[in-house]
Amino acid sequence: MAAHTEYLVFNTKDRHEFINITERVRDIVAKSGVKEGLVLVNPMHITAAVYVNDNENGLIEDFEAMLRNLVPPEADYEHNKTGEDNAYAHLWRTLMGHQVTMAVTDGDLDLGPWEQIFYAEFDGQRQKRVLVKVVGDK
Amino acid sequence: MAAHTEYLVFNTKDRHEFINITERVRDIVAKSGVKEGLVLVNPMHITAAVYVNDNENGLIEDFEAMLRNLVPPEADYEHNKTGEDNAYAHLWRTLMGHQVTMAVTDGDLDLGPWEQIFYAEFDGQRQKRVLVKVVGDK
Amino acid sequence: MAAHTEYLVFNTKDRHEFINITERVRDIVAKSGVKEGLVLVNPMHITAAVYVNDNENGLIEDFEAMLRNLVPPEADYEHNKTGEDNAYAHLWRTLMGHQVTMAVTDGDLDLGPWEQIFYAEFDGQRQKRVLVKVVGDK
C-alpha cells in the first residue's frame, strides 16, 4: 500500500469563503501515483469544513443563508464567553459534515458529473490547513 | 492491498425515497474478497445522501419532517433562479451527512445491532449512481 | 496492508454525554503499529455520534443547545409511537455527522492544533460500542 500526504494552506481575505479545491485534490491524487484507493480531505482547523456539492454560486449563497438561519452568528453562545466570537463557525462546520473521503479509481478522483470538493472557511483571515491523504495501490 | 469498485444504480419512482442498501453493500463486500479493510459508500449525485441509522419507518418519516422543518422545499433559494427547483435537496443531503465509510472485518460489514445503510434520494425520478469501493487485504 | 480493530465500550451515567476519546484513539493507533494510513472511528449504535471539534466546555454546551433548538427532544415523533422516546437522539447524531475518518502519519494521529475526537452519547445509561479500525502500512 502506498500513502501520500499533503497539506493545503489557506489564508482567506474574507471571514467566510467557499473555495472549490477539486483540481488541487486531483493534482495530489495524480502526484501520489495511487491507482486504486481512497483520499481523505480533512480540514485541520475546527471552524472550517470540506464538503462535496455543486459548483454553483447561488447554491453557495443558499448554504450560507441556511447556516445563518439555523445557527445565527450573533446569538449568545457559551463558547464566546472565553473571549472568542466564532462559536457559530464551530457549529456551522459540523452541520456541513466537516470532512470527506473520496474514491480513487484508475488513478483519478472517481466523481459523479456534478461532484465538486469545496473548502468552506467560516473563520478565516488567518492561516489554515487542509490535510489530503491518498492511500492505496500504485 | 485489494480494491473493488461497483456502482449501484437507482431510478426512484418518487421524488423522495429512503432505500435500505445494507444487503447490497454486504454483497459487494463479499464479492470483493476483502477480509480486513474499509468500504466507502458515496452517492455520486449531489441531491442524495448515504447515511447509517435504524430501519424503522416512523424514524424515516421523522428524518423527512426534520428536513422539511429546517430547510423548507418551497422557500426562496438562489440556486432555483438558475431554473432548478431542487435547491433544498442539495441542502438536505448535506445535513444528512452525505456519505459513509464502514469497516470490513472478517470479510463482512462490521455493523452494530441496528446499524443499517440507507440511500436517501431527495430529487429522484431519474437515474442516479452510488459508488461502493472496498479497499483492504484479502 | 495491516488492519487493527478495537471496540471502545461506554456506559454513560447521564443520558447525554460528550467524551473526549482522542487519547484512546491515539493509543489504538500506536498499538496497531500502522505508520501511514487511515483510522475510522464509528459509533456502532445509532443514537450516538463521533465528531471532531474543540475541547472546550462552553462549546459542548453550545452543541447541545443547537441540537435542542433544531430538534426538540419533547416534540412529537413517529418513531416514538413504537414505544421509544429517543427519536430526537437518532436525528441529533445525524446532524452531528455521526462518524469520522482521520489520518495516521508517522505512526500517530495527524491532527491540527485543536482537533479533538469526541464521542457524543445522546441516549446513554446502557452499554454502547465505538469501532476503531486502523488500516495502512507498518
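**A buried glutamate, a covered helix and a three-fold arrangement**

The side chain of C:Glu115 comes within 2.7 Å of the backbone nitrogen of C:Gly112. This is a predicted model, and C:Glu115 makes a handy place to start looking around it. The residue sits in the loop that runs between strand 6 (108-109) and strand 7 (116-121) of chain C. On its other side, so to speak, is chain A: the side chains of C:Glu115 and A:Asn42 are joined by a polar contact of 2.9 Å. Leaving aside residues up to four places away in sequence, C:Glu115 touches A:Asn42, A:Pro43, A:Met44 and A:Ile46 from chain A, along with C:Val52, C:Asn53, C:Met102 and C:Asp110 from chain C.

What about a charged partner? C:Glu115 is buried but has no salt bridge. The nearest side chain of opposite charge belongs to A:Arg93, and it is 5.0 Å away. A salt bridge calls for a nitrogen-to-oxygen distance within 4 Å, so A:Arg93 at 5.0 Å does not qualify. What C:Glu115 does have is the polar contact to A:Asn42 and the approach to the backbone nitrogen of C:Gly112.

Turning to the chains themselves, chain A can be laid on chain C by a turn of 120 degrees and a shift of 0.0 Å along the axis, with an RMSD of 0.0 Å. That is how chains related by a three-fold axis behave. The copies nevertheless use different surfaces, as 20% of the contact residues of chain A recur in chain C. Chain C goes onto chain B in the same manner, with a rotation of 120 degrees, 0.0 Å of shift along the axis and an RMSD of 0.0 Å. Here too the surfaces differ, with 20% of the contact residues of chain C recurring in chain B.

As for the fold, chain A has 3 helices and 8 strands. Going along the sequence, these elements come in the order β-β-α-β-β-α-α-β-β-β-β. The radius of gyration of chain A is 16 Å, close to the 14 Å that the globule rule gives for 138 residues, so the chain is as compact as a globular protein of that length. Its C-alpha trace spans about 50 × 30 × 25 Å along the principal axes. Of the 138 residues in chain A, 64% count as buried. Among contacts in chain A with a separation of 6 or more, 84% come from residues 24 or more positions apart.

Helix 3 of chain B, covering residues 87-95, is mostly covered, and 9 of its 9 residues are buried. Its buried residues include the aromatic pair B:Tyr88 and B:Trp92, as well as B:His90 and B:Arg93. The others listed are B:Ala87, B:Ala89, B:Leu91, B:Thr94 and B:Leu95. After the helix comes B:Gly97, with a positive phi near 100 degrees.

Salt bridges turn up elsewhere, and a search of the whole structure finds 30 of them over all chains. Side chains of opposite charge can pair when their charged atoms come close. In chain A, the side chains of A:Asp123 and A:Arg126 meet at 2.2 Å, N to O. A:Asp123 counts as buried because its relative accessibility is 5%, whereas A:Arg126, at 40%, counts as partly exposed. This pair belongs to a network of salt bridges that also links A:Arg15 and A:Asp85.

A second bridge in chain A brings together the side chains of A:Lys81 and A:Glu78 at 3.0 Å, N to O. A:Lys81 has 64% relative accessibility and so counts as exposed. A:Glu78, at 30%, counts as partly exposed.

Chain C supplies an example from within a helix. The side chains of C:Glu23 and C:Arg26 form a salt bridge at 2.8 Å, N to O. Both residues lie in helix 1 (residues 22-32) of chain C, 3 residues apart, which is about one turn of the helix. An α-helix has 3.6 residues a turn, so residues three or four places apart point the same way. C:Glu23 is partly exposed, with a relative accessible area of 45%, and C:Arg26 is also partly exposed, at 24%.

Note on methods:
Residues numbered from 1 in each chain as written. Chains lettered and ligands numbered in written order. Predicted model: local features only at pLDDT ≥ 70, side-chain atom pairs only at ≥ 80, totals over all residues. Heavy atoms only, no water. Buried < 20%, exposed > 50% of the residue type's maximum accessible area, 1.4 Å probe, protein only. Helix = DSSP H or I, 4+ residues; strand = E, 2+ residues; numbered from the N terminus. Least-squares fit on C-alpha atoms with pLDDT ≥ 70 in both. Contact = heavy atoms within 4.5 Å. Lys, Arg positive; Asp, Glu negative; His and termini not counted. Polar contact = N/O pair within 3.5 Å; in protein donor to acceptor, adjacent residues only side chain to side chain. Rg over C-alpha atoms; globule rule 2.2 N^0.38 Å.
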